[in-house]
Amino acid sequence: MTQETISGSFDKWKAREAIAEAMIPLIGKLYRDYNVVTSIYARAIINRSVIDIIKAHRFVRQIESRGLTVEDSYPILKALSEMNLGPARIDLGKLAIKYKTQGEGRSVEEFLRTELADIIDQKGNGVNAGGQDVILYGFGRIGRLMARIMIERAGGGDGINLRAIVVRRGNAADDLAKRASLLRRDSIHGSFQGTLTIDHENEYIIANGNPIKVIYANSPDSIDYTQYGIKDAIVVDNTGVWRDEAGLGQHLKSKGVAKVILTAPGKGDIKNIVYGVNDSLISEDDTILSAASCTTNAITPVLKAINDEYGVESGHVETVHAYTNDQNLIDNYHKGDRRGRGAALNMVITETGAAKAVAKALPELAGKLTGNAIRVPTPNVSMAILNLNLGKSTDVESLNDFLRHTSLYSDLQKQIDYVKSPEVVSSDFVGSRYAGIVDAEATIVNGNRCVLYVWYDNEFGYSCQVNRILQHLAGVNYPAFPKA
């Protein structure tokens, strides 16, 4: 490489940095003023750095035949910022690629007016003035990640608004400070992206300007939320203590509560929703819903895609799962078999109901799947191994290409991600917003038999699925562009 080439490469990098810097205020304007959430091939770019934006563009090379640069997407973004748009989710990267391949000589504005006709001059339409009040009942692993997601997506305040957190009062005198500290710092997911202050007198945590009341209570039915200005709220119960209609129904007895979402598999007649697969079952009359389990969310979208295309005759699901708070740090009594042994020291065979739970979202697979789980000494990110007998034969290339296309352009594009690299390991998927990520390099096919390896962030990816149900109930599940 000549000195001239080296110098030219650095000049190009500086030019791209400048463009990415110019993109940041436009992304923010669309988000705060129009409730338009932008992304690059589903990679978030709101509240991201210059480097994050450039890396999101570079990622496109892994899954498309052509690359994408900030030079390609900036004209699209600039034109969007000058339009009077209604609320939407817009994939800037996919729009830019579509313009490059299907622009047909049109100007950027002409192209966008065709692609986004449904939301042109619709600013404010469909927005819930004042937003939807949300309460987190419990503030453990999922509760704190849900808080991060909602605070990050607060936008102009007309969407989902986290108004309160309900916990039992701890023994420490500085209980409130400890709760805030757990939100601020996380050993797996890193630091909170923003600022946190504490109002000790009134018991509020103020996160990025959002005042969140911390309520201390011992039961779900003993709180009057209306005294804090909260009304028609959706409660997200992430304690796992109550999983049936009778237990979760206690929330509905508290003033100010309208609906409840459980972040665990529901029992009895409670609908178990895997968003993207069976969310069409949600009705206006539903007051209690379950978001199923992290594993059920990880495998069901992939199984639906495979079953729709090839048919699934039978199969076995083996989950290699990160250890959880349910297990012991060192050997001690546990009511469950084997789970009493030290989580950080052992692989622990245990049961999982995820394979059977798939049938609640995909009835056509009822009785076709078996399942088991192994808890392993890693704190986050799990893997599901799907060993399937298909209805017709295929090959590795065809199956992987189908899954790649599904991850990019189908109705399951928010649930299924796709990676093709011989070097990825579990820690690479910490913070993934997908329900599951297909590892294409590991795919095995032999006629009508296949083995698929699906990674999933059992904490954050699952929390994103819960948030999608929350958005649906709140009526802020805005249209996505370009259309699948």
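The paragraphs below lead through the strands, helices and buried residues of this predicted model.

Because the model is predicted, local features are given only at pLDDT of at least 70 and side-chain atom pairs only at pLDDT 80 or more, whereas totals for chains, interfaces and linings use all residues. Residues are numbered from 1 along each chain as its sequence is written, and side-chain values use heavy atoms, with hydrogens and water left out.

A convenient place to begin is strand E3, residues 88-91, where helices (H or I, at least four residues) and strands (E, at least two) are DSSP runs numbered from the N terminus. In a regular strand the side chains alternate between the two faces of the sheet. In E3, Ala88 and Ile90 point one way and Arg89 and Asp91 the other, and all are buried, a term that means under 20% relative accessible area, with exposed meaning over 50% and partly exposed in between (1.4 Å probe, protein chains only). E3 pairs in the parallel sense with strand E1 (residues 36-40) over four bridges, pairing being counted if DSSP finds at least two bridges between two strands. Within that pair Val36 stands opposite Ala88. E3 is also joined, by two parallel bridges, to strand E21 (residues 480-481), where Phe481 is the bridge partner of Ile90.

Phe481 leads on to helix H5, since Glu115, which is found in that helix, touches Leu95, Lys98, Phe481 and Pro482 when residues up to four places away in sequence are not counted; contact here means heavy atoms within 4.5 Å. Glu115 has a relative accessible area of 17% and is therefore buried. In H5 (residues 108-115), Val108, Phe111, Leu112 and Glu115 are buried. Seen down the helix axis, these buried residues fall within an arc of 95°, so they line one face of H5, the arc being that of the directions from the axis to the C-beta atoms. Their cover includes helix H3 (70-81), helix H4 (92-102) and E21.

Leu112 and Ile90 recur in the largest nonpolar core, which has 117 residues and in which Leu85, Ile90, Leu112, Ile306 and Leu386 touch the most other members. Such a core is a set of buried Ala, Val, Leu, Ile, Met, Phe, Trp, Tyr and Cys residues joined through side-chain atoms within 4.5 Å. Leaving aside neighbours within four places in sequence, the contacts of Leu85 include Tyr34, Val36, Ile90 and Leu116. Apart from this core lies another, of 19 residues, among them Tyr225, Trp242, Val257 and Val260.

Val257 belongs to a further pairing, in which strand E9 (residues 233-237) and strand E10 (residues 257-262) run parallel over five bridges, with Val257 in E10 as the bridge partner of Ala233. An open sheet of nine strands, with mixed pairing, has the order E6-E7-E8-E5-E4-E9-E10-E12-E11, and its edge strands, E6 (196-199) and E11 (271-272), each pair on one side only. In E7 of this sheet is found Ile205, which is buried, with a relative accessible area of 1%, and which touches residues including Leu176, Leu196, Pro211 and Ile212, not counting residues up to four places away in sequence.

Elsewhere, the buried residues of helix H11 (residues 396-409), including Leu399, Phe402, Leu403 and Leu408, pack against H4, helix H9 (294-309) and strands E17 (416-419), E18 (436-439), E19 (444-446) and E20 (449-456).

How values were computed
Expected span 1.5 Å × (residues − 1).
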